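User: Could you walk me through a structure I have to work with? I'd like to start with the strands and then move on to the cysteines.
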Amino acid sequence: MTRWNTSTDEVEAVSPDITDETNALPARYFTDPAVHEMEKEKIFGRYWMYAGHANAVTEPGDYFTRTIGDKQVIVVRDHDDEVRVFFNVCAHRGSKMVEDTPMTDPGNMGRIRCPYHLWTYDLDGDLTSTPKSFEEAGLNPDLEDEDVCEFDACDNGLKEVTSDTIGPFVFLNFQDDPMPLEEQAGQLKDDLEALPLGEYEHATRIVSEVECNWKTFAGNYSECDHCQANHQDWITDIELRDSELEVHDYHWILHYTHAEDVEDEMRIHDEHEAQFHYFWPNFTVNMYGTADGYGTYIIDPIDEGRFQLVADYYFRDGEMSEEEKGFVQTSRQLQEEDFELCERQYAGLKSGALAQAQLGPNEHTLHRLHRLAQEAYEA
Amino acid sequence: MSQQQPQQDEAPFVARTLGSGTRKEAADANEVLAFYRRQSRTAGEDVEWTFADHPAVTAAPDEGDLATVVRELDAHFENGVPIGIIAAALSKQGDTIGDTMDAIHDLRMTGGLWEPRDDHLRAF
């Protein structure tokens, strides 16, 4: 039963049983600014987050930055060919060190140097040098030079963020001792690593801003009950009734069978279908089944009522063919259709009329999303 | 910036990214500035104005350096000119928001501007 904001209807936590009345996340979790602040810690500070694609940093010293909530990290390939992640914060007095550097336009540096007082770090995060003013006490009459302690390279190094990979996808976790990535990813890790994802080159990134909560779009992505009515161009090639929604602990997969077989060369995977993988909390891998390539989405909240969709497309060659450009345009059409739906839904949610929605029996992927959010809030 | 005037149902400030053409409508010029910063940070994209419906922008000179334009705009605001308005005014000279931000940085570093409140500027 749908619960409205009345004096008699009361909301409850998302039931583990999808057949229960309270099978959806209460509406306030989509619209309350305090929830957005809470999610920074309880969701985006706790689970494995997509940092970027390893192909963007192929040489030692290659780096990019990634901003998640209030935190920004540097993703850098070190001299041992390992991709490492550090807070973009100097160990001296906390200055931001490198400028915003998107994955699509990476930089290269021999060492990481803070521009404030020129503390310099090796690519493994160790402090390698400080200016002479940190080694002598010439300006301090209460200290002799020999009283000055030498900084330890490691203890005064950069704060590393735990990172791991699935194929070419680099993930980070802000917790000091997180659950292993392979535990959160489960079967997704094996599924994705069986594919030659690293052989594909980044072709284009399109960043859209949408006026709704990030979970609104995440929910829309996770079900296709809306497709028949709203993606009419796309579904002409899809057998919606043959679709399958596969739910795991922290990820779910939407399988959409094509009405007609597509040439093997036009798919990255073996199955004659489109596969959309959602990895909690906000990363997707999109294998369309009609293009020799794949896409990824990052669904990054801006605030409780807006998010950025960072859409990246990967093909055999970074220079897109006309056909591939057409494919991206089709993908963009789908996005715009979804944005409109999500913004309409969010306008309704913001009105305050609804207290707790009612999910349908085939929205079990969405139910998983809501359950994971609920669990995160309660943790 | 296009001289096209906004239609009745359109937001007063509209801009788009140079590469992908992503459109941003905003009620406040500094919302467009925030959009530029996010796009720049995430995709390295610059942003150009489509139109800006604000009397200060309309009255802004079609030529002149940044300091001159900020001084002209200053009469329309009580405590500093929103950077978004400055960027919209400079778009009449063909500048993108990225161009404007670079020019602001250069002028600030020589002491030619100050910021009486966040993202609002005045010129000496």
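User: How do S8 and S9 of chain A pair, and over how many bridges?
Analyst: Bear in mind that this is a predicted model. Strand S8 of chain A, residues 120–121, pairs with S9(A) in the antiparallel sense, and two bridges join them. Within that pairing, Tyr121(A) has Leu127(A) of S9(A) as its bridge partner.

User: And which sheet are they in?
Analyst: They belong to an open sheet of three strands in chain A, ordered S7-S8-S9, with antiparallel pairing. Strand S7 (112–113) and strand S9 (127–129) of chain A are the edge strands, each of them pairing on one side only.

User: Switching to cysteines, how many disulfides are there over all chains?
Analyst: A search of the whole structure gives one. The disulfide is formed by Cys224(A) and Cys227(A), whose sulfur atoms lie 1.8 Å apart, and the link is left-handed, with -110° about the S-S bond.

User: What about Cys114(A), where is its nearest cysteine sulfur?
Analyst: That sulfur belongs to Cys90(A) and is 3.9 Å away, and Cys114(A) is in no disulfide. The cut-off for a disulfide is a pair of cysteine sulfur atoms within 2.5 Å.

User: Is Cys114(A) buried or exposed?
Analyst: Cys114(A) is buried, with a relative accessible area of 1%.

User: And which cysteine sulfur is nearest to Cys212(A)?
Analyst: For Cys212(A), the nearest cysteine sulfur is that of Cys342(A), 4.7 Å away, and Cys212(A) is likewise in no disulfide. Cys212(A) counts as buried, at 0% relative accessibility.

User: Back to the bonded pair, are Cys224(A) and Cys227(A) buried or exposed?
Analyst: Cys224(A) is buried at a relative accessible area of 11%, and Cys227(A) also counts as buried, at 3% relative accessibility.

Key. Residues are numbered from 1 along each chain as its sequence is written. Chains are lettered from A and ligands numbered from 1 in the order in which they are written. This is a predicted model: local features need pLDDT of at least 70, side-chain atom pairs count only at pLDDT 80 or more; totals for chains, interfaces and linings use all residues. Side-chain values use heavy atoms; hydrogens and water are left out. Two strands pair if DSSP finds at least two bridges between them. Helices (H or I, at least four residues) and strands (E, at least two) are DSSP runs, numbered from the N terminus. Buried means under 20% relative accessible area, exposed over 50%, partly exposed in between (1.4 Å probe, protein chains only).
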